[in-house]
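Reader: I'm new to this one. Could you show it to me and walk me through it?

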Amino acid sequence: MPRRPRPVCFPRLAPAIVLAVLLVIAACGGTSDVDQETFSSQLLERTNQDEEVVPEAVANCIAERVFGEFDQGEVNRIYRAATPTELDQSVRDSLTIINQECFEAQPPPRDGASPTTEGGSTTTSEDAGG
């Protein structure tokens, strides 16, 4: 009988981690509008200091969704909030949903193959003949 692929289980703490990190980004604040690239890169930098907690594709997805769902003023508030209570509950709920959907949208790695990114495309060691 063929073996079913194992489902990829992203850490259940991931939504809390990303929300906390979004709030930690506040230290990078300032008064000008934050752009999507800065938002994404700061998210990556803050979450992946010791190990990769948030893959780049997830950070980019989160940034894209945040910029798509909120106006610039709200994006700035999210980027600069120092505590969760500085954001409305509806915003926190939206961020949690965005985070979860972005993590769940990631394709699971194939068994025995570690994904790598080269030239903008992702391959596995099996794809590369390794």
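**A helix and its last residue**

Author: Let's start with H2: at 1.5 Å a residue, its twelve residues should span 16 Å (1.5 Å times one less than the number of residues). The end C-alpha atoms of H2 are 17 Å apart, which agrees. This is a predicted model, where local features need pLDDT of at least 70, side-chain atom pairs count only at pLDDT 80 or more, and totals for chains, interfaces and linings use all residues. Residues are numbered from 1 along each chain as its sequence is written, and side-chain values use heavy atoms, leaving out hydrogens and water.

Reader: In what order do the elements of the protein chain run from the N terminus?

Author: Helices (H or I, at least four residues) and strands (E, at least two) are DSSP runs, numbered from the N terminus. The chain has five helices and two strands. Their order is α-α-α-α-α-β-β.

Reader: Is Thr47 buried or exposed?

Author: Thr47 belongs to helix H2, residues 36–47. Buried means under 20% relative accessible area, exposed over 50%, partly exposed in between (1.4 Å probe, protein chains only). Thr47 has 7%, so it counts as buried.

Reader: Which residue's backbone oxygen lies 2.8 Å from a polar atom of the side chain of Thr47?

Author: A polar contact is a pair of N or O atoms within 3.5 Å; within protein, one must be able to donate a hydrogen and the other to accept it, and residues adjacent in sequence count only if both atoms are side-chain atoms. The Thr47 side chain reaches the backbone oxygen of Leu44 at 3.4 Å. The backbone oxygen at 2.8 Å belongs to Leu43.
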